[in-house]
Amino acid sequence: MDINYELYKVFYYVATTLSFSEASKQLFISQSAVSQSIKTLEKKLDQPLFIRSTKKVRLTPEGEILLRHIEPAMNLIRRGEAQLTDTAFTGGQIRIGASDTICRYFLVPYLKQFHKEFPNAHIKVTNQTSIRCVELLETGQADFIVTNYPNTALTNLYSIKKIKRFQDVFIASHAFLELKNRQVSFAELLKYPLLMLDKQSTTSEFLHNLFQQRQLDLVPEAELSSNDLLIDLARIGLGIAFVPDFCVPQDSKELFILDTEESLPSRELVIAYNEHVPVSKAAAHFMSYFEELSE
């Protein structure tokens, strides 16, 4: 089927903005030209792509299917354009997907180093949970992601470079002083309010699996999207938080780490990328910072 790329481009902008007028502004063409392009595309595909009304525009099921394929293609084209302008490290961009915890407690020094070396390069960091970061790779919105591992969303389509091993810990304030300086079983922990990340995270999957392996039903008191908030709530005595050790304040006199009877397996931070999609020189250089860590 021979369809002009410009028709798909117009479709992408209308589908992502859900507005013919906004798409016309971004494309610098008239609204009537946008409307005509969509009609032409729908005629060629013999499928309705949008449901139009006086107030809003919505994608049809067929339109949603097409967008899932067009969006990665558009992002690949943008990546190619960025690489062509990425000359001698004087420009270009890197696009990284990572959780806010990984960004704050691990990536910041490397971002600072990269910016110092290549001040003209554009750095785009998208914060998502480690599981949702994989979607950024799938849709071409990230050159690579830094994620907790194991990660059930990662498949053998992606290359993985291990860069840091870490340990998860339970932390509590002096409101739970009776648990300090002794071993606590998982079963006993269930008697206390447990605070943890929400179910859309690798950390939640990891802890639930550990309890399920021992036929224990883990029902947390609270599920949040931020490790920093979990630490704050643990600090004021609202519960026992489960967090990675690298984000626990080292000099805190208000918190202590629980010693559990059952061992907690260590996990890893990894870089994941699609080796079949070329990355920019800037992105390749940034990933090279972790070569020594992975050896």
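## Sheets, helices and a few odd spots

Strand E9 (residues 194-197) and strand E11 run parallel to each other, paired over two bridges. Keep that pair in mind while you work through the exercises; the model they're based on is predicted.

**Exercise 1.** Find the residue of E11 that is the bridge partner of Leu195, then work out which helices pack on this sheet.

*Solution.*
- Step 1: Start at Leu195 and look across to E11, where its bridge partner is Ala241.
- Step 2: Now look for helices. Helix H8 (residues 202-212) packs on the sheet and touches strand E7 (168-173), E9, E10 and E11. The direction of H8 makes about 130° with that of E9.
- Step 3: Helix H9 (residues 227-235) packs on the sheet too, touching E7, E9, E10, E11 and E12. Its direction makes about 145° with that of E11.

**Exercise 2.** Write down the strand order of the open sheet that holds E9 and E11, and say which strands stand at its edges.

*Solution.*
- Step 1: Five strands make up this open sheet, in the order E10-E9-E11-E7-E12, and the pairing is mixed.
- Step 2: Strand E10 (222-224) and E12 each have a single partner strand, so one side of each has no neighbour in the sheet, and these are the edges.
- Step 3: Going from one strand to the next, the twist averages 30°.

**Exercise 3.** Do the same for the open sheet that contains E5 and E14: give the order, the edges and the twist.

*Solution.*
- Step 1: Here again five strands form an open sheet with mixed pairing, and the order reads E4-E3-E5-E14-E6.
- Step 2: Strand E4 (122-127) and strand E6 (159-166) have just a single partner strand each, so they are the edge strands, with one side of each left without a neighbour in the sheet.
- Step 3: The twist averages 20° from one strand to the next.
- Step 4: Zoom in on one pair. Strand E5 (residues 144-149) and strand E14 (residues 267-273) are antiparallel, with five bridges between them. Val146 sits opposite Ile271 in E14.
- Step 5: A helix joins in here as well. Helix H10 (residues 281-288) lies across strand E3 (93-98), E5, E6 and E14, and it runs at about 50° to E3.

**Exercise 4.** How do helices H1 and H3 sit relative to each other: roughly parallel, roughly perpendicular or oblique?

*Solution.*
- Step 1: Get the angle. Helix H1 (residues 5-17) and helix H3 (residues 31-45) pack at about 115°, and their axes are 9 Å apart.
- Step 2: Angles of 65 to 115 degrees count as roughly perpendicular, so H1 and H3 are roughly perpendicular to each other.
- Step 3: The H1 and H3 crossing is left-handed.
- Step 4: See who's touching. H1 brings Leu7, Tyr8, Val10, Phe11 and Val14, while H3 brings Val34, Ser37, Ile38, Thr40, Leu41, Lys44 and Leu45.
- Step 5: Sort the residues of the contact of H1 with H3, and you get nine nonpolar, two polar and one charged.

**Exercise 5.** Repeat the analysis for H2, against H1 and then against H3.

*Solution.*
- Step 1: H1 and helix H2 (residues 20-27) pack at about 130°, with axes 8 Å apart. That makes H1 and H2 oblique to each other.
- Step 2: H1 passes H2 in a right-handed crossing.
- Step 3: The H1 side of the contact is Lys9, Val10, Tyr13, Val14 and Thr17, and the H2 side is Phe20, Glu22, Ala23, Gln26 and Leu27. Of the residues in the contact of H1 with H2, six are nonpolar, two polar and two charged.
- Step 4: Turn to H2 and H3: the angle is about 105° and the axes are 8 Å apart, so H2 is roughly perpendicular to H3.
- Step 5: Phe20, Ser21, Ala23 and Ser24 of H2 meet Gln31, Val34, Ser35 and Ile38 of H3. The contact of H2 with H3 has four nonpolar, four polar and no charged residues.

**Exercise 6.** Track down two backbone oddities, one at Leu18 and one at Pro150.

*Solution.*
- Step 1: Leu18 is in the loop between H1 and H2. It isn't a glycine, yet its phi is positive, about 50°.
- Step 2: Pro150 is in the loop between E5 and E6. A cis peptide bond joins it to Tyr149, with omega about 15°.

Key:
Residues are numbered from 1 along each chain as its sequence is written. This is a predicted model: local features need pLDDT of at least 70, side-chain atom pairs count only at pLDDT 80 or more; totals for chains, interfaces and linings use all residues. Side-chain values use heavy atoms; hydrogens and water are left out. Two strands pair if DSSP finds at least two bridges between them. Helices (H or I, at least four residues) and strands (E, at least two) are DSSP runs, numbered from the N terminus. Axes are lines fitted to C-alpha atoms, for helices over the stretch in contact, and angles run from 0 to 180 degrees between N-to-C directions. Contact means heavy atoms within 4.5 Å. Angles under 35 degrees count as roughly parallel, over 145 as roughly antiparallel, 65 to 115 as roughly perpendicular and the rest as oblique. A crossing is left-handed if the near helix is turned anticlockwise from the far one by less than a right angle, and right-handed if clockwise. Ala, Val, Leu, Ile, Met, Phe, Trp, Tyr, Cys and Pro count as nonpolar, Asp, Glu, Lys and Arg as charged, and the others, Gly among them, as polar.
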